[in-house]
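Visitor: Hi, could you walk me through this one? I'd like to ask a few quick things as we go.

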Amino acid sequence: ELSLQRHGFEVTIADGGETGLRALEDAGFDLMIVDIFMPHMRGFESVRIFHERAPAIPLVAMSGYAFANIDSPAPDFLRMALELGAARCLRKPFTPVALLAVINECLAEARSRFAGAVHSS
C-alpha cells in the first residue's frame with residue numbers, strides 16, 4: 001500500500017472478497033489486485049465475480065500458496081486465475097518493482113484498449 005501511494009496511486013484496501021465487491025460498487029477503479037487465498041470468499045470466485053462485474057478493469061491475481069507435499073502434482077493456481085479473467089498474475093513474494101511493472105503494463109493495455117474503442121466508434 002505504502003509503496004503504491006509513494007508512486008502516486010490512490011489505494012483502497014478490502015479485507016476480503018465481499019468487502020471488495022462493495023468497494024467495486026461504490027467507486028471507480030483503474031485496477032484490482034486480488035489475493036487468490038483471502039478471507040470470507042474463495043479467491044477464484046472473487047476473480048470470476050470481479051471480472052464479470054467489471055470486465056474493463058484489469059485484475060492482477062497473486063498467490064503465495066505453498067504445498068505441504070512437494071511430491072504431489074500441484075494445480076497451477078495462477079494459470080487458473082488467468083482463465084477466470086485475471087490480466088496478470090504475481091507469485092508471492094514479489095518485489096515492489098515487480099508489482100509496479102505489472103500495474104503499469106495493465107494500465108497501459110487498458111488505456112490502449114480504451115483508445116482503440118474510442119477510435120473505432
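Visitor: Among contacts in the protein between residues at least 6 apart in sequence, what share joins residues at least 24 apart?
Guide: That share is 64%. Please keep in mind that this is a predicted model.

Visitor: Fair enough. How many helices and strands does the secondary structure come to?
Guide: There are 5 helices and 5 strands. Going along the sequence, they follow the pattern α-α-β-β-β-α-β-α-β-α.

Visitor: And what pLDDT does the protein average?
Guide: The average is 83, and 83% of the residues score at least 70.

Visitor: Which elements have the lowest and the highest mean pLDDT?
Guide: Strand β3, residues 41–42, has the lowest mean at 64, while helix α1, residues 2–6, has the highest at 93. As a rule, where pLDDT is low, the predicted coordinates should not be read in detail.

Visitor: Got it. Changing topic: what volume does the largest pocket have?
Guide: Its volume is about 880 Å³. The lining of this pocket consists of 31 residues, and V11, T12, L31, M32 and I33 are the ones that lie nearest the centre.

Visitor: Which elements each supply at least two residues of that lining?
Guide: Those are α2 (17–26), β1 (32–35), β2 (37–38) and α5 (96–120).

Visitor: How does the lining of the largest pocket split by class?
Guide: It has 21 nonpolar residues, along with 5 polar and 5 charged ones.

Visitor: Now the cysteines. How many disulfides does a search of the whole structure find?
Guide: The search finds 0.

Visitor: Why is there no bond between C89 and C106?
Guide: Because their sulfurs are too far apart: the closest cysteine sulfur to that of C89 is in C106, 9.6 Å away, and a disulfide needs the two sulfur atoms within 2.5 Å. Seen from the other side, C106 is in no disulfide either, with the sulfur of C89 as its nearest at 9.6 Å.

Visitor: Is C106 buried or exposed?
Guide: C106 is buried, at a relative accessible area of 1%. C89 is partly exposed, at 22%.

Visitor: And how much of the whole protein is made up of buried residues?
Guide: They account for 34% of the 121 residues.

Visitor: Last one: which residues does a cis peptide bond join?
Guide: The cis peptide bond is between K92 and P93, with omega at about 0°.

Visitor: Where is P93 placed?
Guide: P93 sits in the loop between β5 (88–91) and α5. That α5 is also one of the elements supplying at least two residues to the lining of the largest pocket.

Notes. Residues are numbered from 1 along each chain as its sequence is written. This is a predicted model: local features need pLDDT of at least 70, side-chain atom pairs count only at pLDDT 80 or more; totals for chains, interfaces and linings use all residues. Side-chain values use heavy atoms; hydrogens and water are left out. Buried means under 20% relative accessible area, exposed over 50%, partly exposed in between (1.4 Å probe, protein chains only). pLDDT is the predictor's confidence in each residue, from 0 to 100. Helices (H or I, at least four residues) and strands (E, at least two) are DSSP runs, numbered from the N terminus. On a 1 Å grid over the protein atoms alone, a cavity is a set of points where a 1.4 Å probe fits but cannot get out, and a pocket is an open set with protein on both sides within 12 Å along at least five of seven lines; lining residues have an atom within 4 Å of a point. Grid points are joined across faces, edges and corners, and a volume is the space filled by probe spheres set on the points. Ala, Val, Leu, Ile, Met, Phe, Trp, Tyr, Cys and Pro count as nonpolar, Asp, Glu, Lys and Arg as charged, and the others, Gly among them, as polar. Contact means heavy atoms within 4.5 Å.
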